[in-house]
Amino acid sequence: MRVSSEDVAQRAGVSRSTVSYILNGHGDRFSRATREAVERAVAELGYRPHSAGRALARGQSDLVLLVLPISPNGQFSQMADRLTDALAEHGLSLLMCSATASRSPSRRSSPPPGPERSSHCPS
């Protein structure tokens, strides 16, 4: 079962909105003890923010789209791996597609499951 911000709030003894403020970088309005209680609850519960929920709340996604030409020898593989790792360090996810002249531009893919992964468009 996924840990929610409500679970963190209950563990820390604060409201869910307090958890949200603190985790979104606006914790300066709360006491050090409150911030530490939230941070401790996050660590104890292993809480990870839901990337789709955060994107919806902020009005922007954490996806970077990389469209590559089809490469029979896989020459872009290493570059894509390095890019995936670098983007993940900044909380971003990589969505990769291979571009061909015959592919319909209306094809879409679901976002990747988390910031530490990359995803490939379906063929």
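Which helices do the buried residues of α1 pack against? They pack against α2 (16–23) and α3 (32–45), and the views below start from there, in what is a predicted model.

**View 1. The buried side of helix α1.** Helix α1 covers residues 5–12, and its buried members are S5, V8, A9 and A12. Looking down the axis of α1, you'd find these buried residues within an arc of 100°, so they line one face of the helix. The partners for that buried set are α2 and α3. Right after α1 comes G13, which takes a positive phi of about 75°.

**View 2. S5 and its contacts.** Zooming in on helix α1, here's S5. S5 has a relative accessible area of 16%, and because the cut-off for buried is under 20%, S5 counts as buried. Once you set aside neighbours within four places in sequence, S5 is in contact with R16, V19 and Y47. R16 and V19 fall within the residue range of α2, 16–23.

**View 3. R40 across from V8.** R40 sits in helix α3, while V8 is one of the buried residues of α1. How far apart are R40 and V8 in sequence and in space? They're 32 residues apart along the chain, yet 9.0 Å apart C-alpha to C-alpha. R40 itself is partly exposed, with 47% relative accessibility. As for confidence, α3 has the highest mean pLDDT among the elements of the chain, at 96.

**View 4. The aromatic pair Y21 and F30.** How many aromatic pairs does the chain have? The count comes to one, and that pair is made by Y21 and F30. The ring centres are 6.1 Å apart and the planes are 50° apart, so with the tilted class lying between 30 and 60 degrees, the pair is tilted. The two residues sit on either side of the burial cut-off: F30 is buried, with a relative accessible area of 19%, whereas Y21 is partly exposed at 35%.

**View 5. S93 in strand β2.** S93 belongs to strand β2, which runs over residues 93–99. Is S93 buried or exposed? It's buried, with a relative accessible area of 6%. From S93 to L83 the C-alpha to C-alpha distance is 9.6 Å, and the two are 10 residues apart in sequence.

**View 6. The low-confidence stretch, residues 105–120.** Strand β3 (residues 118–120) has the lowest mean pLDDT among the elements, at 48. Over residues 105–120 the pLDDT is below 50, though this stretch still has 36 contacts in the model beyond near neighbours in sequence. Where pLDDT is low, the predicted coordinates shouldn't be read in detail. For the chain overall, the mean pLDDT is 77, and 71% of residues reach 70 or more.

**View 7. The whole chain, for orientation.** Stepping back, the chain has five helices and three strands, in the order α-α-α-α-β-α-β-β along the sequence. Of its 123 residues, 25% count as buried. The accessible surface comes to about 8,600 Å², with 51% of that belonging to carbon and sulfur atoms. Take the contacts between residues at least 6 apart in sequence, and 53% of them join residues at least 24 apart.

Definitions and conventions. Residues are numbered from 1 along each chain as its sequence is written. This is a predicted model: local features need pLDDT of at least 70, side-chain atom pairs count only at pLDDT 80 or more; totals for chains, interfaces and linings use all residues. Side-chain values use heavy atoms; hydrogens and water are left out. Buried means under 20% relative accessible area, exposed over 50%, partly exposed in between (1.4 Å probe, protein chains only). Helices (H or I, at least four residues) and strands (E, at least two) are DSSP runs, numbered from the N terminus. The arc is that of the directions from the helix axis to the C-beta atoms. Contact means heavy atoms within 4.5 Å. Rings of Phe, Tyr and Trp (its six-membered ring) pair if their centres lie within 6.5 Å; planes under 30 degrees apart count as stacked, over 60 as edge-to-face and the rest as tilted. Accessible areas come from the Shrake-Rupley method with a 1.4 Å probe; for residues, only the protein chains shown count as cover. pLDDT is the predictor's confidence in each residue, from 0 to 100.
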